[in-house]
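Visitor: I should like to learn how to read burial, strand pairing and pockets from a set of coordinates. Could we work through one case together?

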Amino acid sequence: MKKIIAFLTVSILLASCASTKELEALKTKHAQTKEELLAVKANLTKCLVEKESCQDKVANLETSVSDLKKDKENTLQQVENLTVLTKGANDNIKETLTQLSKKDKYINKIRAAASKKDSLNLVVAFHLKKELQQGIDDEDIEVNVEKTVVFISISDKLLFKSGSYTVSDKASKVLEKVATVVNGQPEMDVMIEGHTDDTPVTAGSALKDNWGLSVLRATSIVRELQNKYNVAPSRLIAAGRGSFAPLVANDSPVNKAKNRRTKIIILPRLNQFFELLEQKAE
């Protein structure tokens, strides 16, 4: 009996010892599992944080990609606009160069025409001076080229008596020489321009004022050139300036005499000048 009790006691003790060991083992394993669980949770939390960070990075990258696409589109549009502008600028430059070329040609035509006209004026002036230099007092006649015309200024004492518009006999020599040169240039017009001083016309005269005197003197010379020297009337122009275009002040007898004059102006016709412009420039 004692043996049985002792066996049972030993068995219980052994069983108790085994349970204790198992319990300790279980506790140890539980602790390890708990640590592993904590590690897993930590790793999970880390992954979740990293995932959120990655999602933010992805979102940022997507935003950057979108912005880059927009920049690319804007750049392409700017390049396209620049190309259009460049083409337009090139077209404008070409058009400007074309216009400048046309302008240069036009200027050359004008220069050529002006040169030809000036040369013609010089020739006319040369022949007038040559015709008039013999037997005529140089103080009474002036031949000059002024701007676009040739003019002869003749003192009235060679053409008219004081206050009269009847052409004097001694005017024939001058007018004949002028007509010789004028008839040699049939493409040019001739304007006769009368000038007076500021002395009022004689009371009781048929003339009202110096306007009338200057015009009548011009028409008298026109008739002489037409009727005696065969200058075509279609080329003749009669004009009067009265006392309103003086050479000098009407403050002395000498100056008044200078202002009493008749100008015979030889000028190119406008259509002739435009024909010169239309000619091909060199």
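Visitor: How many of the residues of strand β2 are buried?

Guide: Burial is judged from relative accessible area, with under 20% as the limit. In this predicted model, strand β2 covers residues 149-155, and seven of the seven are buried, so the strand is largely enclosed by the rest of the structure.

Visitor: Which residues point one way from β2, and which the other way?

Guide: V149, F151, S153 and S155 point one way, while V150, I152 and I154 point the other way. Residues of both sets are buried.

Visitor: In what sense does β2 pair with strand β1, and over how many bridges?

Guide: Pairing is read from the bridges between two strands. Strand β1, residues 141-146, pairs with β2 in the antiparallel sense, over six bridges. As one case, N144 has F151 in β2 as its bridge partner. Strand β5, residues 261-268, also pairs with β2 in the antiparallel sense, and again six bridges are found. There, I266 of β5 stands opposite V150.

Visitor: Let us take a single residue of the strand. Why is S153 classed as buried?

Guide: S153 lies in strand β2. The relative accessible area of S153 is 10%, and the limit for buried is under 20%, so the residue is classed as buried.

Visitor: Which residues is S153 in contact with, leaving aside neighbours within four places in sequence?

Guide: S153 is in contact with D140, I141 and E142, and also with R261, T262 and K263. Distance in sequence and distance in space are separate readings here: S153 and V143 are 10 residues apart in sequence, and their C-alpha atoms are 6.6 Å apart.

Visitor: Let us turn to empty space. What volume does the largest pocket have, and which residues lie nearest its centre?

Guide: Rolling a probe the size of a water molecule over the atoms shows where empty space is left. The largest pocket has a volume of about 400 Å³. Its lining comprises 20 residues, with S155, D156, A257, K258 and R260 nearest the centre. At least two lining residues come from each of β1, β2 and α4 (253-259). By class, the lining has six nonpolar, four polar and 10 charged residues.

Visitor: How many residues line the second largest pocket, and how do they divide by class?

Guide: The second largest pocket, of about 250 Å³, is lined by 14 residues. Nearest its centre lie S162, G163, T199, P200 and L213. Four of the lining residues are nonpolar, seven are polar and three are charged.

Definitions and conventions:
Residues numbered from 1 in each chain as written. Predicted model: local features only at pLDDT ≥ 70, side-chain atom pairs only at ≥ 80, totals over all residues. Heavy atoms only, no water. Buried < 20%, exposed > 50% of the residue type's maximum accessible area, 1.4 Å probe, protein only. Helix = DSSP H or I, 4+ residues; strand = E, 2+ residues; numbered from the N terminus. 1 Å grid on protein atoms, 1.4 Å probe; cavity = no way out; pocket = protein on both sides within 12 Å on 5 of 7 lines; lining within 4 Å. Points joined across faces, edges and corners; volume = space filled by probe spheres on them. Nonpolar A, V, L, I, M, F, W, Y, C, P; charged D, E, K, R; others polar. Contact = heavy atoms within 4.5 Å.
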